[in-house]
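Here are my notes on the model, point by point. Have the structure open while you read, and check each spot as you go.

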Amino acid sequence: MNYRKLEKNIIDVIKEQQAKLGYMKEKVRLYYPLSSLNHFFGTEESEEGMRKVLEGFCACVRDRLGDVEVAEKDGRFCFLIPETGAEYVHNLTGENDFITELVNMVREHGCTIGQIIELFRSYSDRVCFKETDNGEFDYLIRFEDDLQDEYVYCFKDEGCYMTYHRFLREDYEEFGFESQDGEEE
């Protein structure tokens, strides 16, 4: 089983959390629905089957994230990442990390979608931008190159500030907001 995509997502979520809240050497709890875990592995496991898959995941990441614990209730899986895992992620993150720059940009009042697009373009020449009309978000931006960043970023213009949500592409499609296709910027 290839656990890379789940491990990367856990690291990415912790990086984003640390960019927003600051770093503390503490335990981190992350929650995933069964459908998202199946997206990571390209499987259609039941809750019981996924518990078995995740036993192997915990063994695989132990050297980097520590003794990760996983609990499941009603199709929702809780990953408890120990302090050593939070510290490992903190040591991977730099000030010029994309997510750190994005979080710092959107926390400023007056941030515009133009500035956000420029940030994306500073990391890749292949950026997909689309205005959306789904009632939830105003803009969709993603990198065309999955090696750069594999997420769909959805932005909402709240007037004097921007908010965003980051989705796995498969989860975004499953939510049924609309197609990800847009114009390449």
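**Notes on the predicted model**

1. Confidence first. Within the protein, strand β8 (residues 183-184) has the lowest confidence, with a mean of 46, while strand β3 (residues 76-81) has the highest, at 98. This is a predicted model, and its average pLDDT is 91, with 94% of the residues scoring at least 70.

2. Phenylalanine 77 sits in strand β3. How buried is phenylalanine 77? Its relative accessible area is 0%, so it counts as buried. Not counting neighbours within four places in sequence, phenylalanine 77 has contacts that include Leu30, Tyr31, Tyr32, Leu34 and Leu37, along with Met50, Leu54 and Val70. Charged residues also appear on that list, among them Glu47, Arg51 and Glu72. One pair to look at is phenylalanine 77 with tyrosine 32: they are 45 residues apart in sequence, yet their C-alpha atoms are 5.2 Å apart in space.

3. Just ahead of that strand, have a look at aspartate 74, in the loop between β2 (69-73) and β3. Its phi is positive, about 55 degrees, although it is not a glycine. Most residues other than glycine have a negative phi. Aspartate 74 is also exposed: its relative accessible area is 70%, and the cut-off for exposed is over 50%.

4. Valine 68 is in the loop between α3 (47-65) and β2. Its relative accessibility is 8%, which puts it among the buried residues. Leaving out residues up to four places away in sequence, valine 68 touches Cys58, Val61, Phe79, Leu80, Ile81 and Pro82. Leucine 54 is 14 residues away from valine 68 in sequence, and the two C-alpha atoms are 10.0 Å apart.

5. Now helix α2 (residues 34-41). Why call α2 largely enclosed by the rest of the structure? Because 6 of its 8 residues are buried. Those are Leu34, Ser36, Leu37, Asn38, Phe40 and Phe41. The cover over them includes the helices α1, α3 and α7 (169-175), as well as the strands β1 (28-33), β3 and β7 (162-168). Right after α2 comes glycine 42, with a positive phi near 65 degrees.

6. Phenylalanine 41 belongs to helix α2 and is buried, at 11% relative accessibility. Apart from neighbours within four places in sequence, phenylalanine 41 is in contact with Met1, Asn2, Tyr3 and Leu6, and also with Met50, Val53 and Leu54. Lysine 25 is another matter: 16 residues separate it from phenylalanine 41 in sequence, and their C-alpha atoms are 29 Å apart.

7. Helix α1 (residues 4-21) passes a simple length check. Its 18 residues should span 26 Å at 1.5 Å a residue, and the C-alpha atoms at its ends are indeed 26 Å apart, so the two values agree. Buried residues in α1 include Leu6, Ile10, Ile11 and Ile14, but also Lys5, Glu7, Asp12, Lys15 and Glu16. Glycine 22, just after α1, has a positive phi of about 95 degrees.

8. How do α1 and helix α4 (residues 83-92) cross? Their axes come within 9 Å, with a crossing angle of roughly 75 degrees. The two helices are therefore roughly perpendicular to each other. The contact brings Ile11, Ile14, Lys15 and Gln18 of α1 together with Ala86, Tyr88, Val89, His90 and Leu92 of α4. Sorted by class, that makes 6 nonpolar, 2 polar and 1 charged residues.

9. Lysine 15, in helix α1, deserves its own point. Is lysine 15 buried or exposed? At 14% relative accessibility it counts as buried, since the cut-off is under 20%. Beyond four places in sequence, lysine 15 is in contact with Val89, Leu92, Thr93, Asp97 and Ile99.

10. That leads to aspartate 97, found in the loop between α4 and α5 (98-106). Aspartate 97 is buried too, with a relative accessible area of 18%. Which residues does aspartate 97 contact, leaving aside its neighbours within four places in sequence? They are Lys15 and Tyr123.

Conventions:
Residues are numbered from 1 along each chain as its sequence is written. This is a predicted model: local features need pLDDT of at least 70, side-chain atom pairs count only at pLDDT 80 or more; totals for chains, interfaces and linings use all residues. Side-chain values use heavy atoms; hydrogens and water are left out. Helices (H or I, at least four residues) and strands (E, at least two) are DSSP runs, numbered from the N terminus. The expected span of a helix is 1.5 Å times one less than its number of residues. Buried means under 20% relative accessible area, exposed over 50%, partly exposed in between (1.4 Å probe, protein chains only). Axes are lines fitted to C-alpha atoms, for helices over the stretch in contact, and angles run from 0 to 180 degrees between N-to-C directions. Angles under 35 degrees count as roughly parallel, over 145 as roughly antiparallel, 65 to 115 as roughly perpendicular and the rest as oblique. Contact means heavy atoms within 4.5 Å. pLDDT is the predictor's confidence in each residue, from 0 to 100.
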